[in-house]
Amino acid sequence: MKARLQLVFFTWILSIWRTEAEFFTSIGQMTDLIYAEKDLVQSLKDYIRAEESKLSQIKSWAEKLDVLTSKSASDPEGYLAHPVNAYKLVKRLNTDWLELENLVLQDTTNGFIANLTIQRQFFPTEEDETGAAKALMRLQDTYKLDPETLSRGNLPGTKYRSYLTVGDCFGMGKTAYNDGDYYHTVLWMEQALKQHDEGEDATVSKVEILDYLSYAVFQFGDLHRAMELTRRLISLDSSHERAGSNLRYFEKLLEKEREEEKEKSNKTMTTTEPVVQSGAYERPLDYLPERDIYEALCRGEGVKMTPRRQKRLFCRYHDGNRNPHLLIAPFKEEDEWDSPHIVRYYDVMSDEEIEKIKQLAKPRLARATVRDPKTGVLTVASYRVSKSSWLEEDDDPVVAKVNQRMQQITGLTVKTAELLQVANYGMGGQYEPHFDFSRKDEPDAFKRLGTGNRVATFLNYMSDVEAGGATVFPDFGAAIWPKKGTAVFWYNLFRSGEGDYRTRHAACPVLVGCKWVSNKWFHERGNEFLRPCGRTEVD
């Protein structure tokens, strides 16, 4: 029976693996690792019980023999004068001690090691650990969290608090260092050193931390602090060759700087103090021009919801332009933004429908991709961290039912729409600012579909999110927060077919929680008369 259960578990974990690795990109799939670890703990406990049973037998034998040999050693001849004692001594040494030897040599690790070996094939990889570390750094940057806050686990809405050890902080810094990211290297090595100085037990030495920290600080041009940290390292380990070499190199550079400053001051006849960094370094600029605006919106800052705009937003019952299916049971519709018009619908999906769709999607989840604008090829990207799957109406009646409901609400046809996409966001899961429609520089993006451009987006929120995870529009400063069972809808194109560039939007990193969404992209073909052209290009 036990062997059968192990086979079932092996088959189950194999099915997880087949949905691809990269566990960090989907919290939904990471939950399976919890059960895998629980099974390993049970296996470990079985091993411990077997070892304890063996040791108990050995201990009992030792105690019995200790009493016996104490008595026999006090008077060997007198003890052996009894023939039964003489027989038993011979028997013990010839037979019983051999049995004890076999007991001691008995290997109780087989079951645990076999289970661990099987499951190790499906463990997260080095890529997962790196991805998870970068996710924490992304949350740190987006939500302006200092390393102390993350290390102590002081996050809003958390049910289970957790801490980062010195070793964990060191691992974070090392990941950043290996990626050439000296900004985060400094932050996390400083945190590791701080916790070490406070007396926290650690397997990592201060020497190792200072080695990385001093070099990362040097990369920011802060020679004085780099020398200070290196001297501290040498005071702890005077035989550290690299530190000694670095210190001599830093001293030469500093001397060179002083000579240059001296020459400059002689020419200008003024003296200037050398610039010394304070130890707080600025985060480097990156490829995203609207980074600051995007991240501010994710934090709920900079939302341009003025009182004047607020007065133009209303709530109403929506019957889909007197759609017969909605006349009796219209949907609650709420304006989220006036221009471009974004609306939220309530009670679009029931909890039962959500769970069914998640159940259908989970085994098929694969790393979400983006289309390379140069090659047109779908590829994974660091700015989109989630897993997604596509559901067809034939997969289950609930998919057809949800599709039909979206058609009734929007008044657009689902016949030319894309399949229902279901996405689950991973650690710090996000999708940085992007357009849903294809621009003029990528005319072949949807050519194979033959249905024209993406005219509209219908986004279902299938979970609440404790913190983070908003949908934001940097161009006009809107932030829409996930609410389970609701959906938001907007048009990507004007009636003329021209793209509405204001709809560039992003999915903010999930700080705390597990974010599930599904979406339907409606296309132009089939909707020519359902949404006819306007009188101007921007209607």
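This is a tour of a predicted model of one protein chain, stop by stop, with what to select and what is found there.

**Whole chain**

Start with everything shown. The protein chain has 539 residues, and 45% of them count as buried. Color by secondary structure: there are 17 helices and 16 strands. Aligned on the principal axes, the C-alpha atoms fill a box of roughly 120 × 85 × 45 Å. The radius of gyration is 33 Å, whereas a compact globule of 539 residues would have one near 24 Å.

Switch to a surface view. The chain exposes about 30100 Å², and 54% of that area is supplied by carbon and sulfur atoms. Next, select the charged side chains: there are 73 positive and 83 negative charges, and the mean positions of the two sets are 4 Å apart. If you draw a contact map, consider the contacts with a separation of 6 or more: 73% of them are between residues 24 or more positions apart.

**Strand β8 and its partners**

Select residues 420–434, which form strand β8. Of its 15 residues, 14 are buried, so the strand is largely enclosed by the rest of the structure.

Which strands pair with β8? Add residues 384–391, strand β7, which pairs with β8 in the antiparallel sense over eight bridges. To find the register, label Val385 and Gln430: Val385 stands opposite Gln430 in β8.

Now add residues 516–523, strand β16. β16 and β8 run antiparallel and are joined by four bridges. Here the pair to label is Asn424 and Trp516, the latter in β16, which stand opposite each other.

Then add residues 505–507, strand β14. β14 pairs with β8 over two bridges, again in the antiparallel sense. His434 stands opposite His505 in β14.

**Met462**

Keep β8 and β16 shown and select Met462, in the loop between β9 (454–461) and β10 (467–468). Is Met462 buried or exposed? Its relative accessibility is 0%, so Met462 counts as buried.

Expand the selection to residues in contact with Met462, leaving aside neighbours within four places in sequence. The set is Met349, Ile354, Ile357, Lys358, Val422, Lys484, Trp516, Val517 and Ser518. Trp516, opposite Asn424 in the strand pairing above, is thus also one of the contacts of Met462. For a distance to check in the viewer, pick the C-alpha atoms of Met462 and Trp490: these residues are 28 apart along the chain, and the atoms are separated by 18 Å.

**Helix α13**

Select residues 291–298, helix α13. Six of its eight residues are buried, so α13 is largely enclosed by the rest of the structure. The buried ones are Arg291, Tyr294, Glu295, Ala296, Leu297 and Cys298.

What covers them? The cover includes α6 (126–142), β8, β11 (471–473), β12 (478–480) and β14. Two of these elements, β8 and β14, are the strands paired by two bridges in the earlier stop. Just after the helix comes Gly300, with a positive phi near 85°.

**Ser151**

Move to helix α7, residues 147–152, and select Ser151 within it. Ser151 has 0% relative accessibility and therefore counts as buried. With neighbours within four places in sequence set aside, the contacts of Ser151 are Ser162, Tyr163, Leu164, Cys169, Gln191 and Gln195.

**Backbone details in two loops**

Select the loop between β1 (315–318) and α15 (324–327), where Asn321 is placed. Arg322 is in that loop too. Show the backbone dihedrals. Asn321 has a positive phi near 55° and is a residue other than glycine. Arg322, also not a glycine, has a positive phi of about 60°.

Are these side chains buried or exposed? Asn321 is exposed, at 72% relative accessibility. Arg322 counts as exposed as well, with a relative accessible area of 60%.

For the last stop, select Pro340, in the loop between β2 (331–337) and β3 (342–345). Show the peptide bond from Ser339 to Pro340: it is cis, with omega near 0°.

Note on methods:
Residues numbered from 1 in each chain as written. Predicted model: local features only at pLDDT ≥ 70, side-chain atom pairs only at ≥ 80, totals over all residues. Heavy atoms only, no water. Buried < 20%, exposed > 50% of the residue type's maximum accessible area, 1.4 Å probe, protein only. Pairing = 2+ DSSP bridges. Contact = heavy atoms within 4.5 Å. Rg over C-alpha atoms; globule rule 2.2 N^0.38 Å. Areas by Shrake-Rupley, 256 points an atom, 1.4 Å probe, with all protein chains shown as cover. Lys, Arg positive; Asp, Glu negative; His and termini not counted. Charge placed at Lys NZ, Arg CZ, Asp CG, Glu CD.
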